[in-house]
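Please walk me through some of the helix packing in this protein, and through a few backbone conformations that deserve a second look.

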Amino acid sequence: MSRRFLELLAREASAVEFEGPIVEARAQGADPATIEELEQAKVEALKVRALLRRRARREAELSALYDTAGDLAALRDLDAVLEAIVHRARQLLATDIAYMTLHDPEQGDTYMRVTDGSISAKFRALRLAMGAGLGGLVAQTATPYATADYFADARFRHKGHIDEAVKEEGLVAILGVPLRLGQRVIGVLMAANRSARPFHQEEVSLLASLAAHAAVAIDNARLLQETRNALEELSQAHRTARAHGEAVERAALAHDRMTSLVLRGGGIEDVAAVVTEVLGGSLAVLDDLGRPITGDVGELDAGVFEAAQASRALGRTVRRGDLLIASVDVGGEPLCTLILRSDDADERILERAALVSALLLLFRRSVAEAEGRVRGELLEDLILRPGSPGLADRARRLGVDLRAPHVVVVARHGGQRERAAFWASSHAAVRHGLAAGRGDEVVLLLPGVDAGGLAQRVAAELSASLHTPATAGAAPARLPDSTGAGAGVGGVAEAYQEARRCAEALIALGRAGDGASPAELGFVGLLVGDGRDVRGFVGRVVGAVIDYDARRGTALTDTLAAYFGTGGSPSRTAEAMHIHVNTVTQRLDRIGKLLGDGWLEPERALEIQLALRLHRLGHTSTTQTVGPDSI
């Protein structure tokens, strides 16, 4: 009969089948001793069966733990490892569901990390405060807890949203063990049933072993991620250092090229060419007034100049939209500004180019100042010492041809004397003339014959440079004749005095910031001008009427004189000339057409009356020369 029990053990029969041999023996009428012996054999067989089942279960547990350790050794994906641990916990404990929560240090609670067997979305999104529910209690106390009936267990602090999620999942019996790293609890591993059941100590130990593996997996993943982050940071630092080194070397090479260009006599245009060759794009270099020296980046708004000011204040490149701006100043005054439009944002090269350009401008300024002193000294000699020997030779060495027509311009200003003198020197050098600063005025000797036009141009450009009105008077200078003889050099002094008087007259007339020669000042020009071109004045003012009389044989000039002589009365004019008043009216209409609109305005009328008086006193006509001796 013992053989029957061995067969049952061999085929892993259920416990009920072990009653079969005893039932058969009783049916066959076996004696009580035989029955007792079979009962003892059954008990021993069941003990062996239970031992075999425990060993099989232990083998499965060890196999699961071994597989988990293998997963940890080949850790590549933390999520996959945690999912495998939770799944094995559910299989080994034969529960309906297994899940894991992890601690959230930012919010101070735990959240659902992995689930296996869950059917409720609310349960999978559950968060447990420390101490709330079974999982919160395990996380708070770092102690395993189990309950055969969760809702009937008063050991836990029940929360409405937790109980709702547990009820929606249908859980009744729950076991939870802490995930610990040293003394710190990082989460909870739980297994649960949808029906009441007790959890044995072996199950608690098994779940705790799996929790220990999960904690190791999480810590290994953290260390691995930290290692990866450290390696990435080191790699990034290496790339940054290499890029920085390359940028420094690139900037140094560009600086060497720019310096070499300067030493070979190159200019700002050459420096700009190096920058655009290295960085690409387009580059503009502006002077201290914001005017382009070279290059063009299109229309610039006020923000660009604000960025240039910020660049000077910070001592580095400033970005404005798609533009890089580097500006350099000297003594608080802007010297030059570089504006680059390029995709290559290497600020070092642009900053070095700005410094090199500033040095070039300073060098040019120094040369210009030295040359300006020489030109100024020559102009001073032409004004104060016209009889000095070698004036023409000195002028020739400076590129000034004193045999050509020239104009003296005197510009009165209230700005910075040094800035005004530098502007005048630069302007004169460009136009092959001379310039000198004399107190609150600058004097220029410029080639040309249009004294009025030159005066207006000097007034406008000097006003823009100084940001304050500059008033310019001009007069033609009578320089040496074509033979190169010294006669006439003294005319510069007379032209200087005439130009000064012209500038003073403009200021007295309330025309500060304007420019003119005596010819543009009307009868005032006769007072300030040395030449006193009476014929020219008469011709400009009433020449049209005089010419009309000469061609047609009319008496418009006499009518105009009589009209002013009678106080502007047509009737008295008719009486004085013995003509009908309608004739006077017709003649005045013709005169108005010849002289143009506004001829009766007070200032214009005064000029006309003066011109008529000079014409009558000198017996002038448009074809007769009238000088001061004939008046």
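The paragraphs below follow the chain from one helix to the next, with attention to packing and to backbone angles.

The structure is a predicted model. A starting point is helix H7, which spans residues 160–169 and whose buried residues are Ile162, Asp163, Ala165, Val166 and Glu169. Seen down the axis of H7, these buried residues fall within an arc of 160°, so they line one face of the helix. The partners against which the buried residues of H7 pack are two strands and two helices, namely strand E1 (97–104), helix H5 (121–124), strand E3 (127–129) and helix H6 (133–141). Just after H7 comes glycine 170, whose phi is positive, at about 80°.

Helix H6 also leads to a backbone feature, since the loop between H6 and strand E4 (145–147) holds alanine 142. Most residues other than glycine have a negative phi. Alanine 142, although not a glycine, has a positive phi of about 60°.

Further along the chain, the subject turns to pairs of helices. Two packed helices are described by the angle between their axes and the distance between the axes. For helix H13 (residues 417–430) and helix H14 (residues 451–466), the axes come within 10 Å and cross at roughly 135°. An angle of 65 to 115 degrees would count as roughly perpendicular and one over 145 as roughly antiparallel, and H13 and H14 are therefore oblique to each other. The crossing in which H13 passes H14 is right-handed. On the H13 side the contact involves Arg419, Ala420, Trp423 and His427, which meet Val458, Glu461, Leu462, Ser465 and Leu466 of H14. Sorted by class, the residues of this contact comprise five nonpolar, two polar and two charged.

The loop between H14 and strand E15 (470–477) contains histidine 467, another residue that is not a glycine and yet has a positive phi, of about 60°. With a relative accessible area of 66%, histidine 467 is exposed, because exposure is assigned over 50%.

The last pair is helix H19 (residues 570–577) with helix H20 (residues 581–595), whose axes lie 8 Å apart and which pack at an angle of about 110°. H19 and H20 are therefore roughly perpendicular to each other. H19 contributes Pro570, Ser571, Thr573, Ala574 and Met577 to the contact, while H20 contributes Val581, Val584 and Arg587. By class, the contact of H19 with H20 has five nonpolar residues, two polar ones and one charged.

Terms used:
Residues are numbered from 1 along each chain as its sequence is written. This is a predicted model: local features need pLDDT of at least 70, side-chain atom pairs count only at pLDDT 80 or more; totals for chains, interfaces and linings use all residues. Side-chain values use heavy atoms; hydrogens and water are left out. Axes are lines fitted to C-alpha atoms, for helices over the stretch in contact, and angles run from 0 to 180 degrees between N-to-C directions. Helices (H or I, at least four residues) and strands (E, at least two) are DSSP runs, numbered from the N terminus. Angles under 35 degrees count as roughly parallel, over 145 as roughly antiparallel, 65 to 115 as roughly perpendicular and the rest as oblique. A crossing is left-handed if the near helix is turned anticlockwise from the far one by less than a right angle, and right-handed if clockwise. Contact means heavy atoms within 4.5 Å. Ala, Val, Leu, Ile, Met, Phe, Trp, Tyr, Cys and Pro count as nonpolar, Asp, Glu, Lys and Arg as charged, and the others, Gly among them, as polar. Buried means under 20% relative accessible area, exposed over 50%, partly exposed in between (1.4 Å probe, protein chains only). The arc is that of the directions from the helix axis to the C-beta atoms.
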